[in-house]
Amino acid sequence: PTHFSAMVEKLIAAFAVLGGALSLGLMADEINMKTLVNSLGLAAALSIILVVHRRGSGRIFVPPRRRITRTITFEVDNAKDEGDYVALDELGCAQDTVNLRNKDEIVILESKITLVIDYPVRVEAIFSLHSNGNNGFSRLELANKVAECHRTMYREEHESMTVPAHTAQDVLQNRRKTNGKYGIWGHDIEDLLLRGVSFDELNGVWLAECDS
């Protein structure tokens with residue numbers, strides 16, 4: 001995989017040089033504008049695959065296609081400057097959900113859904129959620145279950161990692177990238193804020209929308 005990554009990087013560099021030469025008119029007589037557009041388009045596509053979503057050591061990860069058709073939000077009466085959110089750590093979640101608006105509203109009619117967490121991880125965490133009743137998920141139940149999934153993800157990462165998330169020298173730094181089940185990086189769970197849960201119609205899954 002490492003050699004493949006290096007090869008793609010060389011291809012990107014080659015197309016960049018080609019595009020630059022064409023744009024300066026150095027090869028205008030031999031290669032037309034369509035070639036320029038195709039070359040630059042391919043370079044951009046390779047860049048996205050390689051740079052934007054590289055996960056693991058040297059492995060290239062192609063992000064799944066998404067089609068978001070609906071987002072459930074969480075408005076809290078005591079929301080601060082960051083906006084409306086529910087904290088995902090146990091204490092913060094308990095405090096925020098007390099003041100959650102429209103908490104009893106049924107926001108998902110299905111009693112079983114698939115939740116995908118793709119931040120801040122290198123490997124997506126996928127959970128199957130079941131509502132407590134047959135009427136679907138209320139806004140409050142959904143917020144609590146999504147928070148529980150995040151706490152489970154962090155616990156499983158801690159149990160499977162062999163490198164520390166923090167050291168004595170990291171007092172003012174973010175969480176280090178660890179090598180556990182999900183490859184969590186950058187943030188502890190206390191940093192995460194749940195802004196919404198979105199439905200990906202293309203894949204039939206719900207996505208946790210978090211900030212930090």
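No disulfides turn up here: the count is 0, where a disulfide is taken as a pair of cysteine sulfur atoms within 2.5 Å. Such a link is a covalent bond between the sulfur atoms of two cysteines. Cys-149 is buried at 6% relative accessible area, and Cys-210 is buried too, at 14%; buried stands for under 20% relative accessible area, exposed for over 50%, and partly exposed for what lies in between (1.4 Å probe, protein chains only). The model is a predicted one, in which local features need pLDDT of at least 70 and side-chain atom pairs count only at pLDDT 80 or more, while totals for chains, interfaces and linings use all residues. Residues are numbered from 1 along each chain as its sequence is written, and side-chain values use heavy atoms, with hydrogens and water left out.

Now for the overall layout. The protein chain has 4 helices and 8 strands, helices being DSSP runs of H or I with at least four residues and strands runs of E with at least two, numbered from the N terminus. Along the sequence they follow the pattern α-α-β-β-α-β-β-β-β-α-β-β. Of its 212 residues, 38% count as buried. Contact here means heavy atoms within 4.5 Å, and among contacts with a separation of 6 or more, 61% come from residues 24 or more positions apart.

Next come the aromatic rings. A pair of them is described by the distance of the centres and the angle of the planes. The structure holds 2 aromatic pairs, counted for rings of Phe, Tyr and Trp (its six-membered ring) with centres within 6.5 Å; planes under 30 degrees apart are stacked, over 60 edge-to-face, and the rest tilted. Tyr-119 and Trp-185 make an edge-to-face pair, with 5.7 Å from centre to centre and 90° between the planes. Tyr-119 sits in the loop between β4 (112–117) and β5 (125–130), and Trp-185 in the loop between α4 (139–160) and β7 (193–200), so this pair ties together parts that are 66 residues apart in sequence. Both rings belong to partly exposed residues, Tyr-119 at 24% relative accessibility and Trp-185 at 34%. The pair of Phe-199 and Trp-206 is tilted, because the ring centres are 5.0 Å apart and the planes stand at 45°. Phe-199 is partly exposed at 23%, whereas Trp-206 is buried at 5%.

Ile-184 also belongs to the loop between α4 and β7, and with 0% relative accessibility it counts as buried. Leaving out residues up to four places away in sequence, Ile-184 touches a list of residues including Pro-120, Val-121, Met-153, Tyr-154 and Arg-175. The C-alpha atoms of Ile-184 and His-158 are 9.5 Å apart, with their positions 26 residues apart in sequence.

Helix α4 has a packing partner as well. Helix α3 (residues 90–98) packs with α4 at about 170°, the axes being 11 Å apart; axes are lines fitted to C-alpha atoms, for helices over the stretch in contact, and angles run from 0 to 180 degrees between N-to-C directions. That makes α3 roughly antiparallel to α4, a label for angles over 145 degrees, with under 35 roughly parallel, 65 to 115 roughly perpendicular and the rest oblique. From α3, Glu-90, Cys-93 and Thr-97 meet Leu-140, Ala-143, Asn-144, Ala-147 and Arg-151 of α4.
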